[in-house]
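Colleague: Thanks for making time for this one. Could you walk me through the terms as we look?

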Amino acid sequence: MQTEKEKQGDTSVEEYVALSNFSGSSSDQLCFNSGDRLLVHAKPSSEWWWAELYGVRGYVPASYLRQDAAAEEEEDNHTSLEDQWQDEEYFGSYGTLRLHLEMLSDKSRTEAYRKVIVSNSASLRSKVVMDLGCGTGIISLFCAQLAQPSEVYAVEASSMAEYTRQLVKQNGCEQVVTVLQGRAEEIELPKQVDVLVSEWMGNCLLFEFMVESVLLARDRWLKEGGVMWPSSAALTLVPCQANSYYAEKMTFWEQPYGLDFTPLQPLAQQEFFTKPKFNHVIEPDDCLTAPSDVLCLDMYTLQVKDLEEIKGQFHFCVEKPGVFHGFTSWFTVHFESLETGGATVELNTGPNSQPTHWKQTLFMLDRPVSVHAGDSISGTILLRRNPFWRRHMTITLHWSINSCKKETDNCQANHRLGQRVSPCGGDRFSVGHGDPQENSRINLLLSLGSVRYQW
C-alpha cells in the first residue's frame with residue numbers, strides 16, 4: 001500500500017524521454033535505452049531522480065532525461081551542437097593568458113615535452129608534425145628549434161592563434177611552423193603527418209574531453225605507422241588520509257571560540273565534502289596503501305565511442321593504521337621513443353614526482369573510517385560521459401572495506417565534474433529500495449562548475 005507521501009508524489013508525475021542509454025551500476029538504479037519514456041515521481045536532488053519504467057522504480061541520472069518531444073523541439077531551437085561543447089566558454093578561457101601562464105609556468109609539464117623532442121631530434125628530421133591545441137606554440141617552437149622537421153602544423157581553436165603566429169615569427173620559425181586556427185574536426189591540412197603531439201590531459205585525466213579531438217585528428221591525419229605523443233595514459237587512485245582538510249572543514253565547528261557549533265557540521269559536510277577537491281596536494285605519508293592504476297588508455301587503439309563509459313577495478317591492501325578520509329587521483333602519460341631502443345619519457349602528476357599545475361584530485365568520503373594494517377579496500381571506478389554536455393563526466397566509486405578484524409563499510413560515492421567556470425554546490429541524496437528518503441548506504445553527489453544540464 002502506498003504511503004501518503006508517495007500518493008502526494010504521484011500527483012506531480014512527469015514524463016521524460018531518455019537522451020541516451022544508461023546501465024545502472026547498482027540494484028537501486030534503473031537501466032533504460034535512448035528514446036524510452038520514464039515517469040519521474042520525485043526529484044530528491046538536482047542530479048538523481050526517482051523514476052519508473054515498465055512498472056519498475058529506481059534512481060536515474062537527471063542529465064540523461066529531457067521532457068517530451070514538444071519541449072525538446074522548442075529547446076533545440078536554442079541549443080546547438082556548439083552549445084553541447086560549450087565552446088564559447090571553453091575556447092574563450094584559452095584565448096586569455098591566465099591558463100597559458102599557468103601551463104607555461106609548469107616546468108615539469110613543459111620540460112617533459114621538451115625532453116621528448118630533444119631525445120627524438122634525430123628521428124624527427126624531415127618529419128611532418130601536428131601540434132594539436134598548440135596554445136602559445138611552445139611545443140611547435142621546440143620542434144622547430146631543437147629538431148629539424150620539414151613542417152609543423154600548429155593547430156589552435158582559440159583566439160590565441162593570432163598571437164601564436166606572432167610568436168612563431170618572433171622566434172624565426174615561420175619557415176617551419178604554420179599556425180592554423182580552427183577546431184581539429186574542421187581544419188584542413190595539406191598532407192598527413194608522421195607525428196601527432198598534444199597536451200590534452202585535464203583533471204582526472206579526461207575532464208574537458210579534448211582527447212576526443214585528438215582521436216579524430218589521429219584517424220584523419222596521422223599516417224599509418226605514425227606516432228602519438230602521449231602514446232599511453234593511466235589514471236591512478238589511492239585511499240588516503242586528509243587530516244588537515246577534515247579538521248579545517250569539519251572539526252573546526254566543534255568548539256570555535258569555546259562555543260558549540262556542531263549543528264553546522266551537516267551543512268559543512270554538504271558544502272565541502274560533496275565536491276571533488278581539485279588542486280589538492282597529497283603528502284606521500286597520507287597514502288594508506290600503494291597507489292594503483294585503475295584506468296589505462298592506449299592512444300593508438302582508443303576510440304571516441306570508448307569515452308562514453310570507462311570502467312576499472314581496484315584492490316588495495318592497507319599498509320598502516322590510519323583514518324580513511326577518501327581517495328586521491330592523479331594521472332601519468334608516456335611518450336614512446338622514435339629511436340630504436342630509445343627510452344620512454346614519462347610525465348607523472350603524482351605526489352612522488354615534481355609538482356605540476358594539475359596537482360591531484362581528492363574525493364572525500366561522507367564520513368571517515370578507521371582502517372588497520374592488513375585491511376583491504378576493493379571496488380570499481382566508473383567514468384561516464386554526460387550524454388548532452390560533452391565536456392562533462394560523472395565519476396562513480398563503489399568500494400568495500402574488509403577488515404582483518406571485521407567487515408566495516410560498504411559505500412558508494414558519485415562525483416560529478418563540471419565545467420570549470422564558477423564553483424557551485426552539490427546535492428546529497430539517499431539511495432535505497434523503496435522510499436528515496438530511506439537508505440542504508442552512503443551516496444555523495446559532487447558538482448563543480450557551471451554545469452548546465454537541460455531536461
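Colleague: Where does L259 lie?

Modeller: L259 sits in the loop between α11 (243-249) and α12 (265-272); helices here are DSSP runs of H or I with at least four residues, strands are E runs of at least two, and both are numbered from the N terminus. A word on sources: this is a predicted model, where local features need pLDDT of at least 70, side-chain atom pairs count only at pLDDT 80 or more, and totals for chains, interfaces and linings use all residues. Residues are numbered from 1 along each chain as its sequence is written, and side-chain values use heavy atoms, leaving out hydrogens and water.

Colleague: Why is L259 called partly exposed?

Modeller: Buried means under 20% relative accessible area and exposed over 50%, with partly exposed in between (1.4 Å probe, protein chains only). L259 has 47%, so partly exposed is the right label.

Colleague: And which residues form the nonpolar patch with L259 on the surface?

Modeller: Y257, F261, L264 and L267 join L259 there, with about 560 Å² of accessible area together. Such patches take residues with over 30% relative accessible area and no salt bridge (Lys or Arg side-chain nitrogen within 4 Å of an Asp or Glu carboxyl oxygen), nonpolar side chains being joined within 5 Å.

Colleague: What makes β9 and β10 a pair?

Modeller: Pairing takes at least two DSSP bridges; β9 (residues 193-198) and β10 (residues 222-229) have 4, in the parallel sense. V195, for one, has V227 in β10 as its bridge partner.

Colleague: How much of the chain counts as buried?

Modeller: Of its 455 residues, 55% do.

Terms used:
Patch = residues over 30% accessible without salt bridge, like charges linked within 9 Å, V, L, I, M, F, W, Y side chains within 5 Å. Areas by Shrake-Rupley, 256 points an atom, 1.4 Å probe, with all protein chains shown as cover.
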